Amino acid sequence: VFKSMLMILALFLYALLTGFSPSVSRASIMFGTVIIGKSLNRQSSIYNSLCLACFVLLMINPLNIYNVGFQFSFLAVLGIVYFKDDIRSMFPKGSYFFDKVYVLMSVSIAAQITTFPLGIYYFHQYPNLFMFSNLIVIPCVSMVLYFGVTFIFLVQISSVLGKIISDVITIYIQFIANAVNKIQHIPYAFFEGIYITPVQLATIYILIILVSITTKYKWKSGILFSALFVL
């Protein structure tokens, strides 16, 4: 019980540090639910945890539903949970390094499936090189997170160690910024100038659901309905 309380406290202290942004709050509530479930020897459903996080955040602030970060965060997690394992099974088994690369690619594709319509709707573009950029950015962002948490503790002990960690963080952030900037300027990195209406947005999501169900459950009639929504 003490261990669970300590972990939950750490989660929400981190959420406090980030200003309780929707994506971090969602993750904190979901992991908090899992921790509580394990402490009670209960199995938790990732879908139930996701719905609970959504419900709590909307109870606190109903206007979160219009927050772009909120929408992207929940849809990305939903896509990762539903599609990642199926996509990973399409890649061959490899060494430890390549297995990590394949998992990262699977996560990127899964998240892209459920978020690309929102990206088109809000930003009127589609990133053709999302896979390549994610392979570079995600590991670096993870390192920034780890070094950032380390910095918070080390700077209290030694300003010299804090300075070293902050310099490392700066180098990583600069590398990420330069990498993203380079990728953005590659020819045809984006399909731009794509404008869709809310009805078209809903139609695309219905199409994604239909294709997913048709593929997963071999639903023959789903092919006809999918073709209808394509039109």
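A residue counts as partly exposed when its relative accessible area falls between the buried limit, under 20%, and the exposed limit, over 50%. Keep that in mind for the views of this predicted model.

**View 1. F20, in the loop between α1 and α2, has a positive phi****.** Here we look at the loop that links α1 (2-17) to α2 (22-39), where F20 sits. F20 has a phi of about 55°, a positive value, although F20 is not a glycine. Its relative accessible area is 44%, so F20 is partly exposed.

**View 2. N41, in the loop between α2 and α3, also carries a positive phi****.** Moving along the chain, we reach N41 in the loop between α2 and α3 (46-60). The phi of N41 is near 60°, again positive in a residue other than glycine. N41 counts as exposed because its relative accessibility is 72%.

**View 3. The chain as the setting for both loops combines nine helices with two strands****.** From the N terminus, the elements run α-α-α-α-α-β-α-α-β-α-α. The C-alpha trace spans about 65 × 50 × 45 Å along its principal axes. Of contacts between residues at least 6 apart in sequence, 62% join residues at least 24 apart.

**View 4. The surface of the chain exposes about 15,300 Å²****.** Carbon and sulfur atoms supply 73% of that area. Buried residues account for 29% of the 231 residues. As for charge, there are 13 positive and 5 negative side chains, and the centres of these two sets lie 9 Å apart.

Key: Residues numbered from 1 in each chain as written. Predicted model: local features only at pLDDT ≥ 70, side-chain atom pairs only at ≥ 80, totals over all residues. Heavy atoms only, no water. Helix = DSSP H or I, 4+ residues; strand = E, 2+ residues; numbered from the N terminus. Buried < 20%, exposed > 50% of the residue type's maximum accessible area, 1.4 Å probe, protein only. Contact = heavy atoms within 4.5 Å. Areas by Shrake-Rupley, 256 points an atom, 1.4 Å probe, with all protein chains shown as cover. Lys, Arg positive; Asp, Glu negative; His and termini not counted. Charge placed at Lys NZ, Arg CZ, Asp CG, Glu CD.
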